[in-house]
Amino acid sequence: MSRSKAFEPVIETGWRMGFSNLARKELKAWFGTSAWWQQALMWTGALGLFSSIGFQEPETGLMIFYIMAFIFPSIAVLVVATGTILEEKDSGSAAWVLSKPVSRTAFVLAKLLPNSLNIAVSMVLIPGLVVFLLAVLFGAAPNILAFYVSLIPVIMWQMFLLFLTVCLGTFFEKAGSVVWLPIIFIFFGANLGMNTTIGPFGPWGLLTVATGISTGTGFSVYPLIITIVVLVALGAAAIWRFSRHEF
Amino acid sequence: MVRPRVQSPRGDSQTSQQSFVISTQDLGKTYGDVAALSSLNLRVPENSIFAFLGPNGAGKTTTIKLLVGLTRPTSGSGTVLGYDIVRNSNEVRRGVGYLAQHPKFYKEMTARETMRFAARFYFKGPRDKIEERIEHLLSIVELDEKSDRPIEGFSGGEMQRLGIAQAQINYPELLILDEPAAGLDPEGREDVLKIMESLRSESTIFYSTHILDDVQRVSDTVAILNKGHMIAQAPISQLLAGSEGVAYALTLEGNTQKAYARLSEEPWVTGITEKKVKDKTQWVVTVSDDSMAKKKILRTVMADDTVDVLDFGLKQYELEEIFMKMVEDSNNVTQ
């Protein structure tokens, strides 16, 4: 043990124990490889293509962008989120990591927070920038500040799907049990959001918030508040369940 | 870090000054109605190579997972390096190195990156010292040539060696290895055993196995587990001495009936086990008085002209014999 005194020890304790190393690993696995630009390229191409079709009518082009941004990158989010916890539980790498001085809370948070950043950059912010430039090119430029603020609800939607999938991944062992609910939200979320009765009362209402911010037509704050509450609840549930998981 | 010490409890057969790095009290684990582990009282002395022996499904991996906090006990308690395995699991994991039965790392990482990742859970720096440590451990396990290749293409033996190296990164006081040589070819097994022997001066090694040859070669203390119950725990020399007192082995040729009858009548003979091997007869004679046995066994047998004695000596028990007998006895008791 005395030989280890030549080293500067990690001082993270309690729930933070191991978080910085795990978060760094998740960020490196994304930004340190081709994953980040491949995802950015794919979704920039898809969203740019669909949006440019509608830019003859400025608002139509943006509406297409938001709807597509709520659906297509979400599929990639689902894939990333399923792999991040379910595969690690199944393969044994999670058990290896947890045999180190790592808290289970840190393990779950290191899946949720860095991946939120990865997804926001590659699947929302970069495609969003390109779509904005296309809108300028087509003479349908929205207010730049409003447009970029409108991407926050889009990021929150992707975070909702990430948190939901990770949370379900802590409860179940099979991919089929984990993905069905997020898939329903991906394909029917936009419809739910446009429903006047239940639209504002869930993360699905974030689509109308995004378009409302971008077009300046006003929006309800309920979806934003409810989504924040839901994210905290899903994160807490994931931590609670994972802390009881037996390897 | 000063850690609490667990001393031998009063009345223990070990010396009272002995420290234990692992100590469990009636530790148990059930899954539904199935008891994977029952009332385990394990004492692993400091600075030993301790073999945790048992057939498949005996509860060895369950015990190890309980010790490193990957699962929780349903009864009893335990300490590792003096820390409670439930309440102070974080401290336990700071002080031990662990190798799983089938180690799984992140396949996109290289061996060096895996070592760096493992090191960062314990050390922030200095970077050159960490790199030095990584280089040293990779060379011990002979992976220095492959250190920058993704581990995806590693063989089972290479993965196992990397597993031992990463488990050693934090200078652990205790190294816990779950079946470190299982599934390896003879060369791979030999490599792992050599590494274990070379690490003996740095850490106490607690390892599970069902390979008896390996146990006899590298271990100094053994515990035998069967169906979740511990059936023996002793220094290997004590175990090999046999549990039935002093015994002599004889290999004979010819008609042994009269010699058998004559020897059986001796008051100091407590039992004779006979086995026929081709045209020869093997006896194991257990005795209550060693000095009488030394003087009289051979004379008594050789008094009969129809018997030739081909071999005679003190019975040397093989671990396999002890193990098989103990497991068999334990199975008979539980039936």
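**The interface of chain A and chain B**

In this predicted model, 35 residues of chain A are in contact with 36 residues of chain B. The area buried between the two chains is about 3600 Å², and carbon and sulfur atoms give 58% of that area. Across the same interface, 18 residue pairs are found in polar contact, both residues of each pair being at pLDDT 80 or more. On the side of chain A that touches chain B, the elements that give two or more residues are strand S1 (8-9), helix H1 (19-31), helix H3 (58-91), helix H4 (93-98) and helix H5 (104-137) of chain A. The residues of this side of chain A divide into 15 nonpolar, 9 polar and 11 charged.

Strand S1 of chain A takes part in the interface through its backbone pairing as well as through a side chain. S1(A) pairs with strand S9 (residues 123-125) of chain B in the antiparallel sense, over 2 bridges, and within S9(B) the bridge partner of Pro9(A) is Phe123(B). Side chains of opposite charge can pair when their charged atoms come close. The side chains of Glu8(A) and Lys124(B) meet in a salt bridge, with a distance of 3.8 Å from N to O, and this pair crosses between chains, from strand S9 of chain B to strand S1 of chain A. Glu8(A) has a relative accessible area of 43%, and is therefore partly exposed, since this value lies between 20% and 50%. In total, 3 salt bridges are found across the interface of chain A and chain B, whereas a search of the whole structure finds 23 over all chains.

Salt bridges also occur within each chain, as the following pairs show. In chain A, the side chains of Glu26(A) and Lys25(A) meet at 3.3 Å, N to O. Glu26(A) counts as buried because its relative accessibility is 7%, under the limit of 20%, and Lys25(A), at 10%, counts as buried by that limit. Lys25(A) and Glu26(A) are linked with Glu88(A) and Lys111(A) in a network of salt bridges.

In chain B, a salt bridge joins the side chains of Glu179(B) and Lys60(B), at 3.7 Å from N to O. This pair links distant parts of the chain, 119 residues apart, with Glu179(B) in the loop between strand S10 (174-178) and helix H6 (186-199) and Lys60(B) in helix H1 (residues 60-67) of chain B. Both Glu179(B) and Lys60(B) are buried.

Chain B as a whole has 11 helices and 17 strands, and its C-alpha trace spans about 80 × 45 × 40 Å along the principal axes. Of the 335 residues in chain B, 50% are buried.

Key:
Residues are numbered from 1 along each chain as its sequence is written. Chains are lettered from A and ligands numbered from 1 in the order in which they are written. This is a predicted model: local features need pLDDT of at least 70, side-chain atom pairs count only at pLDDT 80 or more; totals for chains, interfaces and linings use all residues. Side-chain values use heavy atoms; hydrogens and water are left out. Contact means heavy atoms within 4.5 Å. Buried area is the accessible area (1.4 Å probe) that two parts lose on being put together, summed over both. A salt bridge is a side-chain nitrogen of Lys or Arg within 4 Å of a carboxyl oxygen of Asp or Glu. A polar contact is a pair of N or O atoms within 3.5 Å; within protein, one must be able to donate a hydrogen and the other to accept it, and residues adjacent in sequence count only if both atoms are side-chain atoms. Helices (H or I, at least four residues) and strands (E, at least two) are DSSP runs, numbered from the N terminus. Ala, Val, Leu, Ile, Met, Phe, Trp, Tyr, Cys and Pro count as nonpolar, Asp, Glu, Lys and Arg as charged, and the others, Gly among them, as polar. Two strands pair if DSSP finds at least two bridges between them. Buried means under 20% relative accessible area, exposed over 50%, partly exposed in between (1.4 Å probe, protein chains only).
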